[in-house]
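Welcome! Please take a look at the sequence and the 3D structure below, and then we will walk through them together.

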Amino acid sequence: MNDTTQSPKDLQRKYRRYLDAEREAIALYSAMLAAEKEEYRTEVLRDLIAAEQRHAVLWAGKLGFPPGKMTQPRKTARVRLLGLLSRVFGTKRILAIAERLEGNDTAMYGGDPEAVEVMEEEVQHAETLRGLQNSHPSPHQEVARGGWESASNSGAYRAGVLGINDGLVSNFGLVWGVAGGTADPYIILLAGTA
């Protein structure tokens, strides 16, 4: 839909949705930055925060808000949880989730002629996050801006999570099926234990 056919109220709603998404991204990357210990990742996260702040300033300006106030991080429950997970497990473990969130932002901007440049940057952010998941800095490159060489254990992590999930679902299905066939709690318990 062209901006000329959108009502002022629809435009305000759209810009507010965009601004909220950018402020949430600022909060997420700030939480990750606070938990990050590797210098090369902190530089990348600072760059991502700066880009998201530029996006927030753009949408705040379209809404007529002063940019300083409206570019503050938006700490949603999701951001708080991911920040906690970053501190406990490290930022590398939540990079895939952050990449998906960037993908959601890209999809949100899709088809909006006002957001073409922002959408292109969001695509680059997702690629940057994907690179961070599978890489560490090369010792022959500048740490903050250096090249990356692949070394990842995220495949094993995903396989472990899926394996645990599959095991739980299979066991639950077995116990549920036995419970449907008999009311004897000892048989149900025996099936679950087996």
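What share of the contacts in the chain with a separation of 6 or more comes from residues 24 or more positions apart? The share is 64%, where contact means heavy atoms within 4.5 Å.

Before going further, a word on the ground rules. This is a predicted model, in which local features need pLDDT of at least 70 and side-chain atom pairs count only at pLDDT 80 or more, while totals for chains, interfaces and linings use all residues. Residues are numbered from 1 along each chain as its sequence is written, and side-chain values use heavy atoms, with hydrogens and water left out.

## The overall picture

The chain contains eight helices and two strands. Here helices (H or I, at least four residues) and strands (E, at least two) are DSSP runs, numbered from the N terminus. Following the sequence from start to end, you meet these elements in the order α-α-α-α-α-α-β-β-α-α.

The chain has 194 residues, and 37% of them count as buried. Buried means under 20% relative accessible area, exposed means over 50%, and partly exposed lies in between (1.4 Å probe, protein chains only). About 11500 Å² of the chain is exposed, with carbon and sulfur atoms supplying 59% of this area. Such areas come from the Shrake-Rupley method with a 1.4 Å probe, and for residues only the protein chains shown count as cover.

## Rings that meet

A pair of aromatic rings is described by the distance of the centres and the angle of the planes. Rings of Phe, Tyr and Trp (its six-membered ring) pair if their centres lie within 6.5 Å; planes under 30 degrees apart count as stacked, over 60 as edge-to-face and the rest as tilted. By this rule there are four aromatic pairs.

Why is the pair of Y15 and W59 stacked? The ring centres of Y15 and W59 are 5.8 Å apart and their planes stand at 20°, so this pair counts as stacked. Y15 sits in helix α1 (residues 8-35) and W59 in helix α2 (residues 39-63), so the pair links distant parts of the chain, 44 residues apart. Both Y15 and W59 are buried.

Y18 and Y109 make an edge-to-face pair, with 4.6 Å from centre to centre and 65° between the planes. Because Y18 lies in helix α1 and Y109 in helix α5 (residues 95-109), this pair ties together parts that are 91 residues apart in sequence. Y18 is buried, at a relative accessible area of 2%, and Y109 is buried too, at 0%. Y15, Y18, W59 and Y109 together form one aromatic cluster.

## Charged partners

Now for the charges. A salt bridge is a side-chain nitrogen of Lys or Arg within 4 Å of a carboxyl oxygen of Asp or Glu, and the count here comes to eleven. The table shows some of them.

| Acidic residue | Basic residue | N to O distance |
|---|---|---|
| D112 | K14 | 3.0 Å |
| D20 | R23 | 3.8 Å |
| E43 | R46 | 2.9 Å |

D112 lies in the loop between α5 and α6 (116-133) and K14 in helix α1, so their salt bridge ties together parts that are 98 residues apart in sequence. Both D112 and K14 are buried. These two residues also belong to a network of salt bridges that links K14, K62, D112 and E114.

D20 and R23 are three residues apart in helix α1, which means they are separated by about one helical turn. D20 is buried at 16% relative accessible area, and R23 is buried at 13%. E43 and R46 are also three residues apart, about one turn of the helix, and both lie in helix α2. E43 is buried, with a relative accessible area of 18%, whereas R46 is partly exposed at 41%.

## Inside and outside helix α4

Is S86 in helix α4 buried or exposed? With 1% relative accessibility, S86 counts as buried. Apart from neighbours within four places in sequence, S86 is in contact with M32, A35, T91 and I94.

L81 is found in helix α4 (residues 77-89) as well, but L81 is partly exposed, at 47% relative accessibility. L81, L84, V88 and F89 form a nonpolar patch on the surface, with about 400 Å² of accessible area together. Patches are made of residues with over 30% relative accessible area and no salt bridge: like charges are joined within 9 Å, and nonpolar side chains (Val, Leu, Ile, Met, Phe, Trp, Tyr) within 5 Å.
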